[in-house]
Amino acid sequence: MNLKSLLIPLAMLLPMAVTAQSISQSQIEQFQSLPRAQQEALASQYGLDLDDIQSSGQRNQRPQDVQVVEPVASITDEDREQARREKEEDKREQEAADKNGGLKPFGYDLFRGSPTTFAPVTEIPVPSEYTLGPGDVLRIQLWGKENQSLELPVSRDGTISFPQSGPMSVAGLSFDEARQQIRKQVSEQYIGVQASVSLGELRSMRVFVLGEARNPGSYSVSSLSTITNALYVSGGIKQTGSLRNLQHKRDGKLVGTLDLYELLLQGDSSNDNRLQPGDVIFIPPVGERAGIDGEVYRPALYELKNENSLADLVSMAGGLTSQAYPQRINIERTNEDFLRIIAEADYTAAKGKKARIQAGDRVNIPSISDITGQYVEIAGAATRPGRFAWMPGMRVSSIIGNIDADLMPSADKRYAAIVRTDKSTDTISVLNLRLRKAIQNPGSEFDFQLEEKDKLLIFSDAGKVVREEELPEKSDEIEDEDRREFTRERLFEPVIRRLKSQATPSSPQRTIQITGPVRYPGEYPLPASRQLADAVFVAGGLKDSASLFNAEVARYTTDDDGIGKTRILNVNLADAMAGNGNLALQSRDRILIKSIPEFAKTSTIELQGEVRYPGVYTFRNGETLKQVIERAGGLTGNAFPRGAVFTREKLRQLEAQRLREAEERLQGDLLGVQLEGDGLGGESADRAQQVEELLEDVQSSRPVGRMVVDLEAVVNDESYQAIRLQDGDRLTIPTVPQSVTVFGEVQFPTSHLHQAGLTVDDYLDRSGGPTRQADESRVYVVKADGSVMLPEKSRWFGSRSQQLEPGDTIIMPIDVDRLNQLELWSNVSQIVYQMALGAAAVGNL
């Protein structure tokens, strides 16, 4: 065919095209075969976009994939309502499953979804028996003397318009018949031309899905759709619908039935018939069901068909698992009296496999028991815990060959326990194992022979457990958790409980308790040797604080009258640990390991200030303050003994408690003042403000724990009472002071240079005199040594003209009588006194 014959039909067709989209694929292919210059000339002549034509050709080369499931964004309100109904139905189905012991019907999830269409793409092979109808498109490729591609749709009257030959009727013909007929007509009318026939676009058709469908109704599907395609379109089958008797109807007559179990369980789709327009798929109600649970691969409720045996039900459930115990299968069913009964079947026998399954049966396939023999077990801080095969003559070293590789780093490598079960009595006993010696000396007396069902307990060693703040990585935290998990207390807990439960009058409870300075005090099985040394070994050994002179064993016994009593047995622990003792432990013995009195206990006193060698000194029991000062080289030449501050920890704690109590009482008094309300002149408000200020002073004060001592007399006067030291004491000796301090309700609280001849009133005047709320009648002086002097009670008959010494502190208290609360005065007086002591101590440091 020359260029001219190609251009003429294109020139005739192009003006008819409104857009490039109306040009057929064959025309576009012919156009694209032209040179680029001719393509541009034709497109410009007829006002077409060359890019649109080429892109249209690319789109038509391969049809787009059909979207089968709707995206979430395109869901409409109707779809949301449908989803809500499905959610409610799912809830009902779950409730039904709960009534059946959690078993759900089999197979109903296969068709769940929201597909839009099942029209296949054109590349799907079309079967030769496919029946043509209106809407189908035939693609005809002519080659030979003439080359031409045609797309001929089947019109509504069932014909195709073949060029130069008129209409040809193809509706109702199979695809193979139509292909043969077209080839015959082409060969008769076109000499030297052959034809290749294929199907292009396929028609759609409307079918009905009725009955127990999730969304019953009519659906538009592809002409190649089958029964299962229509089920997908309708969203699947309700759990109330049958999967084994789907009915395919045409013109009111039953065409065939489909058993979906054949498709689901065997992959057999031979009965999945193709649909024709107007076909009906009817889903009847579900038939009889039976459930199967336990050791099968697909536990579920299965729909029965005709008569089913136990073997059929097991086959539908995927068969028995390797853990199934087939000799005693339980079948729970309803008898003629409507009572639930249990029947049994032996699945290993032919009769058991043929056992009939009835509607409503519930079959349970039991599992085999755990390993019942020929094993030994390792538990605890081992790298490979679990059960291992047992063989006669096996020893501990047979399963733990390397102490480093087979045990965790946290394991206690000195001691392990073997829990042994007596086959004849089913009671347990405990053997104590020296683990390190057993592994390092295979075959020795330490390497015990293991018996069937022995359980080897490997404990963790608390001494190898680091603190959490020292754990650098997460893996170490897990390891630390494992160490705590495998303690003696935890691993022995079930053993102790079993020993107690199996105790009888003839075989008393074989447990002991050990307390005191051992590494792991607690309750343990009675050692088989009944030796005290072995009991101590089980508890981790003695601590260094243990006394070897004496230990006690409290033993429960009964007297001649059968009345229980307790005896105390004294034991020489050193002899018992050396194996020389003759004491045999008995059931329920309580062992007390005594500690060395005052073991590793050190008491210290801190000397600060003007001593020759200040520092922290350890003192002996009963040593006095004078003796420690002499050990420190005595006082220096600048020391001011009268101002020494001696504090004691116990006194500081007591003062702190009193300050807390005073603060609580003061807060209560403040609340009372506030509740009284404001009176004339704002007196209540003034009182509340004063109490608040006093409360702030109390809260800011810190307990000192000072004890008044005359240090000069302590050092020089032999008749002065000796001060016995306590742990935590502190002595601070200041240098010689030159000031007198004035505190409290004065205009300017401060310190003044000491001058001989000045009295209390003189120093008060130098601080501006008392404030408006000061109580001048209760002025007192805290001497440098911490003692308190009340000037009003001095030998000067109430005057305050006595002279002061360097380091003294004058306190001007507040006039609490102005607050009009007697209880508040007692609280404040104690608080102010404590504050004065604290202030004096701080001032003299």
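In the predicted model, I514 stands opposite G522 of strand β24. The two strands involved are β23, residues 511-515, and β24. Their pairing is antiparallel and runs over four bridges. In general, strands of a sheet pair through backbone hydrogen bonds, in either a parallel or an antiparallel sense.

This pair belongs to an open sheet of five strands. The strand order is β24-β23-β27-β25-β26, and the pairing is mixed. Strands β24 (522-525) and β26 (564-571) form the edges, each pairing on one side only. On average, neighbouring strands of the sheet are turned by 25° against each other, direction ignored. Helix α14, residues 488-501, packs on this sheet. The helix touches β23 and β24. Its direction makes about 60° with that of β24.

The largest nonpolar core holds 59 residues. Within this core, L456, I458, F492 and I591 have the most contacts. Strand β20 gives the most to the core, contributing six residues. A second core, separate from the largest one, has 42 residues. Its members include F106, Y219, Y302 and I365.

Residue I458 touches a broad list of partners once residues up to four places away in sequence are left out. Among them are I378, A379, G380, A381 and A382. The list also includes I400, L407, A411 and A416. L435, F486 and L491 are touched by I458 as well.

Strand β20 spans residues 411-421 and contains D412. D412 counts as buried because its relative accessibility is 1%, under the 20% cut-off. The side chain of D412 reaches the backbone nitrogen of R414 at 3.1 Å. Not counting residues up to four places away in sequence, D412 touches L435, F459, S460, D461, R488 and Y520. L435 is thus listed for D412 and also for I458.

At the level of the whole protein chain, 22 helices and 36 strands are assigned. The chain has 845 residues, and 40% of them are buried. Among contacts with a separation of 6 or more, 63% join residues 24 or more positions apart. The accessible surface of the chain comes to about 46,200 Å². Carbon and sulfur atoms account for 48% of that surface.

Notes. Residues numbered from 1 in each chain as written. Predicted model: local features only at pLDDT ≥ 70, side-chain atom pairs only at ≥ 80, totals over all residues. Heavy atoms only, no water. Buried < 20%, exposed > 50% of the residue type's maximum accessible area, 1.4 Å probe, protein only. Contact = heavy atoms within 4.5 Å. Areas by Shrake-Rupley, 256 points an atom, 1.4 Å probe, with all protein chains shown as cover. Polar contact = N/O pair within 3.5 Å; in protein donor to acceptor, adjacent residues only side chain to side chain. Core = buried A, V, L, I, M, F, W, Y, C linked by side-chain atoms within 4.5 Å. Pairing = 2+ DSSP bridges. Axes fitted to C-alpha atoms, helices over the stretch in contact; angles between N-to-C directions.
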